[in-house]
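Biologist: Could you walk me through this model, step by step, as you would for someone new to protein structures?

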Amino acid sequence: MTEATPRTALVELSGVSKRYGTVRALEGVSLEVHAGRITCVLGDNGAGKSTLIKIVAGLHRHDGGTLRLDGEETTLSSPREALDRGIATVHQDLAVVPLMPVWRNFFLGSEPRKGVGPFKRLDTDFMRRTTRAELLRMGIDLRDVDQPIGTLSGGERQCVAIARAVYFGAKVLVLDEPTAALGVKQSGVVLKYVAAARDEGLGVVLITHNPHHAYLVGDSFVLLRRGTMVGGYGREQITLEELTRQMAGGDDLDDLRHELQRG
C-alpha cells in the first residue's frame, strides 16, 4: 500500500527575509498555510508581523528565501496580484467606508451591474440580497444590510470582511490582529467566524499577540521576536502555558526573574 501524498501548501515561506536599507525587518521565517487549517503568527510589537503580512499580501517583495504558492516559487508584485492568486488580507484598520451601507461595502470595488450601454447601472437588488444571504451562510445575522457599516461593532465589521473574502473566492485569508481592539465577547464572535472560514476550506493566517486567542483556534503556531523566528509548533507539540511563556519572553523572562530575585 502506498503512502498518501502530502497536500501541497497553499502558501509556503521558506527562510524568508526582508531588509529596509540596513534594518533587518525579517530574517529566516518559514511557515506553511494549508486548506482547512489555521496558522497563527504570534509576536509583540516590532516582532516582524507587519512585514510578514506585507510580503504575503503583495505589498512588499521579500529579498531572501523563497515564497511558493501552490508549490510554485513566485514573487508577488502587488496586492492585486496576491488577490488574483486567491490571497485576501483583512487589515487591522478595515478598508471600509463608514457611511456606506453594509451591502455597498461588501461589494466595494467589485460592484455588479445590469443593463447595457448608457443604461448600465449598479445591481443594488442583487447586492443587497447576496450580502444578506452570504452573511447568513456564515452565521452572521445582521438586522439590516442597509445600515451604515460604521454603525456596526468592531467585531461585526471584522465578520463582514471575513464573509466577503469567502464569497469572492479567496483560498487564503490573512487576518491582521482581528481581535486587538475588542473585548472578550466580541473577540469570541470574531474567532467563531475565523473558524467558520477554516471550515469553508480556506487556509487562514491569524496574526495576533494574544496566545489565548491563538490557541483557541490554531492548528500551528509560528513565534516571531525582533524579526526572527524563534519557534514553529504544531498544536500537539506545545501547550497553552508554554505558548504563553514563549510569548512573554521565554528564557529571557527567566533570566530577568533571576536578576530581580538576586537584587
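Modeller: Happy to! Let me start at one helix end: α1 is followed by G58, whose phi is positive, near 85 degrees. Please keep in mind that this is a predicted model.

Biologist: Nice start. Is helix α1 largely enclosed or open to the outside?

Modeller: Let's count its residues. Helix α1 covers residues 49–56, and 6 of these 8 residues are buried. Among the buried ones are L52, I53, I55 and V56. With 6 of 8 buried, the rest of the structure leaves α1 largely enclosed.

Biologist: And N45, in the loop between β3 and α1: is N45 buried or exposed?

Modeller: Here the cut-off helps: a residue counts as exposed when its relative accessible area is over 50%. N45 has a relative accessible area of 79%, so N45 is exposed.

Biologist: What distance separates the C-alpha atoms of N45 and Q147?

Modeller: Along the chain, these two residues are 102 residues apart. In space, the separation of their C-alpha atoms is 35 Å.

Biologist: Let's step back to the whole chain. How many helices and strands does the protein chain have?

Modeller: Both kinds of element are present in the protein chain. The counts are 9 helices and 12 strands.

Biologist: What radius of gyration does the protein chain have, and what would a compact globule have?

Modeller: A compact globule with 263 residues would have a radius of gyration near 18 Å. The value for this chain agrees with that. It is 20 Å.

Biologist: What share of the contacts with a separation of 6 or more joins residues 24 or more positions apart?

Modeller: To set the scene, 44% of the 263 residues count as buried. As for the contacts with a separation of 6 or more, the share from residues 24 or more positions apart is 65%.

Biologist: Now helix α5. What span should its 14 residues have?

Modeller: Helix α5 runs over residues 154–167, and the rule is 1.5 Å a residue. Its end C-alpha atoms are 20 Å apart, which agrees with the expected span, also 20 Å.

Biologist: Which elements do the buried residues of α5 pack against?

Modeller: The buried residues of α5 include C159, V160, I162 and V166. Just after the helix comes G169, with a positive phi near 85 degrees. The packing partners of the buried residues are β6, α3, α4, β9 and α6.

Biologist: Which residue in the loop between β9 and α6 has a positive phi although it is not a glycine?

Modeller: Its phi is about 45 degrees. Its relative accessibility is 8%, under the 20% cut-off, so it counts as buried. The residue in this loop is E177.

Biologist: D70 also has a positive phi, near 50 degrees, in a residue other than glycine. How does D70 count by its relative accessible area?

Modeller: D70 lies in the loop between β4 and β5. Its relative accessible area is 41%, and values between 20% and 50% fall in the middle class. So D70 is partly exposed.

Biologist: One last stop: what is the C-alpha to C-alpha distance between L260 and G109?

Modeller: L260 lies in helix α9, and at 61% relative accessibility L260 counts as exposed. L260 and G109 are 151 residues apart in sequence. In space, C-alpha to C-alpha, their distance is 55 Å.

Technical notes:
Residues are numbered from 1 along each chain as its sequence is written. This is a predicted model: local features need pLDDT of at least 70, side-chain atom pairs count only at pLDDT 80 or more; totals for chains, interfaces and linings use all residues. Side-chain values use heavy atoms; hydrogens and water are left out. Helices (H or I, at least four residues) and strands (E, at least two) are DSSP runs, numbered from the N terminus. The radius of gyration is taken over C-alpha atoms; the globule rule is 2.2 Å times the number of residues to the power 0.38. Buried means under 20% relative accessible area, exposed over 50%, partly exposed in between (1.4 Å probe, protein chains only). Contact means heavy atoms within 4.5 Å. The expected span of a helix is 1.5 Å times one less than its number of residues.
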